[in-house]
Amino acid sequence: MTNHDTVVSSAKAVATPSGSASVKVYPLRDTATMLRRNVKQEMRDKVAIIACIGIPVLFLLLFVYVFGGALKESVKLAGAPSYIDYVLPGLIIMTAAAGLIGISTQTSVDMTVGIIDRFRTMAIFRPSILIARVVASALQTLASMVVVFGIAFAVGFRSNATFMQWLGAAGLLAFITVTLTWLGLAFGLAAKTVASASNGPFPLILLPLVGSGIVPTATMPTGLRYFAEYQPFSPMINTLRGLLLGTSIGWSWLIALAWCAGLGLLGLVWSISVFNRRDRKRGVPGPGFPGAPTQ
Amino acid sequence: MTVTYGQPGGTAAAVSTAIEVSGLRKSFGDQVVLDGIDLSVPEGSVFALLGPNGAGKTTMVRILATLSAADAGQVRVAGHDIVREPMAVRSVIGVTGQFSATDTYLTAEENLLLMADLWHLTKRQGRQRSAELLKLFDLADAGRKPVFTFSGGMQRRLDLAMTLMGSPRIIFLDEPTAGLDPRGRRTMWDLIRSLVRNQAVTIFLTTQYLEEADQLADLVAVLDDGEIVAQGTAAELKGRVPGGHALLTFTSASAFDAAARQFGDRASRNDEDLTLQVATDDSARSVQDVLSRIDVDSVRHVTLHTPDLDDVFLALTGQSRKAQS
């Protein structure tokens with residue numbers, strides 16, 4: 001049905017007097033409307049705000065104050081002057097993963113209460129529903145990252161990065177956030193219940209721990225090391241760490257961007273297909289109309 | 001919203017049909033949910049699709065509202081083909097589902113203004129209409145409160161108000177009173193009636209409540225197992241079920257037996273309750289005739305029952321189920 005989402009001509013419609021023929025579509029206006037709604041919703045969902053910022057900050061404090069002393073002695077920290085400088089990039093990436101829980105849950109709530117179905121019965125630019133959700137969520141995640149950075153500075157994080165390196169780090173984080181957020185959207189659209197939508201992306205939060213986030217992968221047993229080096233978050237963490245410490249990043253940036261692009265594309269395609277085909281694919285009517293025949 | 005129809009000089013004959021369905025079919029896997037539906041809803045009328053849970057009512061609404069694709073058949077809503085011109089359909093319809101499709105983080109007013117923006121009204125139009133609707137739906141005092149603080153009835157009213165925000169000309173209400181208490185149901189009925197009275201809208205509603213269809217609808221179609229088993233005005237449907245009855249409860253077994261002998265085949269007896277059900281029509285004379293044949297002092301109480309849609313429904317769907325098994 002999306003191919004009708006441009007200007008639809010109904011000049012031949014039996015019931016339409018000649019002349020007043022088409023339905024005008026407002027892509028920008030509808031996206032702005034949806035974005036306002038989603039941002040309002042996010043600002044009022046205090047629990048989600050606290051979770052998105054709280055999880056990485058909790059890990060930050062845990063690793064800096066509880067484990068940091070011991071870890072600092074036992075590992076070589078890739079040129080980082082102190083343990084917090086080493087561990088922060090992994091926790092920033094964790095913030096991006098935590099953001100996925102937010103969008104996945106919010107999207108699933110929208111699907112189950114039926115407001116997305118309401119939007120779909122209206123003459124609006126349909127992609128605005130998805131685009132605005134992703135943009136709003138990505139903005140929230142980026143704001144959370146700023147807060148996590150702030151707290152890290154407060155507890156002793158220092159960076160040698162040049163302005164250009166900071167700019168690179170910001171660009172990298174924006175790209176990571178936007179692409180991963182599409183994946184979070186897909187989780188939310190595909191989830192059958194709100195609970196599964198909020199639990200689905202949870203393993204991603206822990207993934208930076210089983211990578212180069214907390215300790216160098218060289219210290220791990222072979223099998224695990226193999227996984228830790230090649231999992232998607234490690235190149236992202238390595239790139240961010242290099243940029244923040246002002247050290248060499250090699251080709252890790254390219255691998256990181258490739259992973260992001262791939263995961264983002266997966267999320268995009270998955271989201272669109274679930275969004276467009278929900279009732280046909282599942283064989284059950286969509287949300288908002290329970291009690292329907294097949295249930 | 002600028003689409004008008006039924007005007008002379010249009011490209012085709014004046015249209016007085018808001019919704020036209022022919023040969024509509026839909027299956028989910030092996031399960032046939034709609035099995036060749038034909039119906040026609042005149043503009044400006046209230047049409048009730050009556051059926052039990054699982055009859056296919058919601059599937060029907062979802063297809064008409066462009067949410068779900070049919071497997072076969074033709075549907076025109078306001079003259080627009082739902083497959084070829086879904087956007088034109090969406091620009092004239094409003095849909096309220098069984099559960100409140102509101103944003104609970106927003107206030108009632110913000111929900112309405114969100115709808116105003118999506119209908120592309122001006123700021124002024126939006127504020128004006130939202131104030132009107134809040135007042136009409138008795139939500140003016142709660143307008144600035146977040147929706148998650150609302151009772152179920154308030155949420156349903158807000159949901160309907162959101163549907164009306166863009167002044168849709170055809171409104172789909174999928175079980176609009178499901179889950180409401182009797183008072184909430186009355187309020188909703190009054191609102192629906194006032195809609196039809198004050199504005200030239202067409203309403204397509206689904207319900208499992210026969211009383212609701214009887215109260216609101218000009219035309220009723222009974223849907224059972226994916227098929228329309230009867231269609232007509234409430235009065236016409238009632239006419240398809242043989243007359244009413246008088247229910248007589250007696251004070252003693254002997255009086256009960258005597259009366260039962262008196263009526264013979266015309267009555268069905270319930271020996272446990274000492275109750276006789278005697279067929280009558282809706283005339284006073286037939287009731288008088290029944291009472292004149294018995295000793296009225298031996299009757300504990302009398303109930304008169306005129307046929308309602310319940311009887312129609314049971315008669316029709318019962319038959320249809322028997323025929324299939």
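**Exercises on chain B**

The buried residues of helix 1 of chain B are Lys57(B), Thr58(B), Thr59(B), Met60(B), Val61(B), Arg62(B), Ile63(B) and Leu64(B). The model is a predicted one, in which local features need pLDDT of at least 70 and side-chain atom pairs count only at pLDDT 80 or more, while totals for chains, interfaces and linings use all residues. Residues are numbered from 1 along each chain as its sequence is written, and chains are lettered from A and ligands numbered from 1 in the order in which they are written.

**Exercise 1.** Determine how helix 1 of chain B and strand 14 of chain B stand with respect to burial.

*Solution.* Begin with the terms: helices (H or I, at least four residues) and strands (E, at least two) are DSSP runs, numbered from the N terminus. A residue is buried if 20 or more other C-beta atoms lie within 10 Å of its own, exposed if 12 or fewer, and partly exposed in between, with C-beta atoms placed from the backbone. Next, take helix 1 (residues 57-64): eight of its eight residues are buried, so the helix is largely enclosed by the rest of the structure. Just after helix 1, Thr66(B) takes a positive phi of about 65°. Then turn to strand 14 (residues 299-305), which is hardly covered, since the count of buried residues among its seven residues is zero. For chain B with its 325 residues, 45% count as buried.

**Exercise 2.** Describe the open sheet of six strands in chain B, from its order to one pair of bridge partners.

*Solution.* Two strands pair if DSSP finds at least two bridges between them. The order of the sheet is 6-7-8-3-9-10, with mixed pairing. Its edge strands are strand 6 (93-96) and strand 10 (227-232), each of which pairs on one side only. From one strand to the next the twist averages 15°, where axes are lines fitted to C-alpha atoms and angles run from 0 to 180 degrees between N-to-C directions. Within this order, strand 7 (residues 170-174) and strand 8 (residues 202-207) pair in the parallel sense over five bridges, and Ile171(B) has Ile203(B) in strand 8 as its bridge partner.

**Exercise 3.** Locate the domains of chain B and find the strand that is joined to strand 14.

*Solution.* The domain assignment, whose bounds come from an automatic or database source, gives domain 1 (17-239) and domain 2 (244-306). Their centres, taken over C-alpha atoms, are separated by 44 Å. Strand 11 (residues 244-250) runs antiparallel to strand 14 and is joined to it by six bridges, with Phe250(B) standing opposite Val299(B).
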